[in-house]
Each structure stands twice: as structure tokens, then as C-alpha cells.
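Trainee: Please give me a close look at the aromatic side chains in this one. I'd like to know what they pair with, and then what surrounds them.

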Amino acid sequence: MNQPDYAKAKNTAVDLLSKFSITEPVVPVAEIAQRIGLGIKYFKPDDDENLKKVSGFLDGKTNTIYVNSEDPTSRQSFTIAHELGHYKLQHKPEEFGVLYRYATPIDKDSFEQEANFFAANLLVPENMLVEVMNKYKLTENDGSLLADIFGVSPDVIKYRFLWITK
């Protein structure tokens, strides 16, 4: 894959929200993953320096999403949504790796970009974002408040505004 298919990622997220009749934040991403047959297990990195850098990953053989238990809840939700994106977009496990806690060169990979875009559209769907902003008269400058309303990090809100036109 050379270019991320943003339309496919967005449409897949929107379809999933519709399937489960989710119309307002906070999107119960762990429940969605479990309802479509994915397991979720939390790991504690302990003293493993490599695991401390990892937010999570999808084990394609067992259909289990592994999530770093030391990450904040908002990051755990994004991790689950990201890995759910790999699953729903039918990325093969050999095509993607683990989700790192901090930006890495792999983030430029088209599969990772697609999974990130899916996650952003699942957790902060454009229609819900517009509704919330109109209801509470919020702007892009209210990123922290929007993050709290949607149960995501301020970074997700920031990227969501950047990606809203894709």
C-alpha cells in the first residue's frame, strides 16, 4: 500500500458507529471491539524497556488487542480504536507493528496512518464534533474541553481538526 485510503477508514468507522447506534460521546470503543469478537488484555510493562515504549498491539492469531495498563485512559481508548482499525480495515499483521507511545518513523506508514484516521473518526466523528461544538458554542480553541467531552487526549482533538477535511 502506497497511499492511505482515508475515505475507506472514515466510512468504516462511521458504519461501525451506525451499526451500534452510537450517536453521542463518549464512544465505548472497548465494548465495540468486544462486540465484534476482539478480546482486550492489559499488560504492565514492568521493567521491560521495550514494552515501556509500546501503547498496544493486535495479535491477529488470537484476535486480541493488548493495551499498556500504564497509559492514561484516553490513550488506552485511542490504542483500542487504532488496533480495531487495523482489524476492520483488514490489514494483515505482517503489514503493521506495535503502536508506540511516542511518534516514530513507522507513523508515516500508510497502514498506520489509516488506522490513526479510523481511530480519530471512531472516537470523534465529525457529525458529533460539530453537534457538540454548536450545542456548547465551542471552537477549536476549546481543545481541552472537547477532549474531556469525547474522552480523548487534546492531541486527538488537534489532529481531528487537521483531518476534518480529508
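**The aromatic rings and their surroundings**

Mentor: Let's start with Phe117, which is buried, at a relative accessible area of 0%. Buried here is under 20% relative accessible area, exposed is over 50%, and partly exposed is in between, using a 1.4 Å probe and protein chains only. Before going on, keep in mind that this is a predicted model: local features need pLDDT of at least 70, side-chain atom pairs count only at pLDDT 80 or more, and totals for chains, interfaces and linings use all residues. Residues are numbered from 1 along each chain as its sequence is written, and side-chain values use heavy atoms, with hydrogens and water left out.

So who does Phe117 pair up with? A search of the whole structure turns up 3 aromatic pairs. Rings of Phe, Tyr and Trp (its six-membered ring) pair if their centres lie within 6.5 Å; planes under 30 degrees apart are stacked, over 60 edge-to-face, and the rest tilted. Tyr6 and Phe117 make an edge-to-face pair, because their ring planes sit at 70°, with the centres 4.7 Å apart. Tyr6 belongs to helix H1 (residues 6–19) and Phe117 to helix H5 (residues 110–123), so this pair links distant parts of the chain, 111 residues apart. Helices (H or I, at least four residues) and strands (E, at least two) are DSSP runs, numbered from the N terminus. Tyr6 is buried too, with a relative accessible area of 18%.

Next come Phe43 and Phe57. Their ring centres are 6.2 Å apart and the planes meet at 35°, so this pair is tilted. Phe43 is in strand E1 (residues 39–43) and Phe57 in strand E2 (residues 54–59), so the contact ties together parts 14 residues apart in sequence. Is each ring buried or partly exposed? Phe43 is buried, at a relative accessible area of 12%, while Phe57 counts as partly exposed at 25% relative accessibility. Add Tyr66 to Phe43 and Phe57 and you have one aromatic cluster.

One more ring has a charge for company: Lys158 lies over the face of Tyr159, at 5.1 Å from the ring centre. To count, NZ of Lys or CZ of Arg has to be within 6 Å of the ring centre and within 35 degrees of the ring normal.

Now back to H1 and H5, the helices that hold the edge-to-face pair. Glu114 also lies in H5, and it is buried, with a relative accessible area of 0%. The C-alpha atoms of Glu114 and Lys10 are separated by 8.9 Å, although the two residues are 104 residues apart along the chain. Over in H1, Leu16 counts as buried at 3% relative accessibility. From Leu16 to Ile32 is 8.2 Å, C-alpha to C-alpha, with their positions 16 residues apart in sequence. In the loop between H1 and helix H2 (29–35) you'll find Val26, joined to Pro25 by a cis peptide bond with omega of about 5°.

The loop between E2 and strand E3 (64–68) holds Asn63. Asn63 has a positive phi near 50°, and it isn't a glycine; at 27% relative accessibility it counts as partly exposed.

Helix H4 (residues 73–88) has 16 residues and should span 22 Å at 1.5 Å a residue, and its end C-alpha atoms are 22 Å apart, which agrees. (The expected span is 1.5 Å times one less than the number of residues.) Buried residues in H4 include Phe78, Ile80, His82 and Leu84. Just after H4, Gln90 takes a positive phi of about 60°, and Gln90 is exposed, with a relative accessible area of 64%.

For the helix packing, take helix H6 (residues 126–136) and helix H7 (residues 143–150), which pack at about 120° with axes 11 Å apart. Axes are lines fitted to C-alpha atoms, for helices over the stretch in contact, and angles run from 0 to 180 degrees between N-to-C directions. H6 and H7 are therefore oblique to each other: under 35 degrees is roughly parallel, over 145 roughly antiparallel, 65 to 115 roughly perpendicular, and the rest oblique.

Stepping back, the protein comes to 8 helices and 4 strands, and buried residues make up 43% of its 166 residues.
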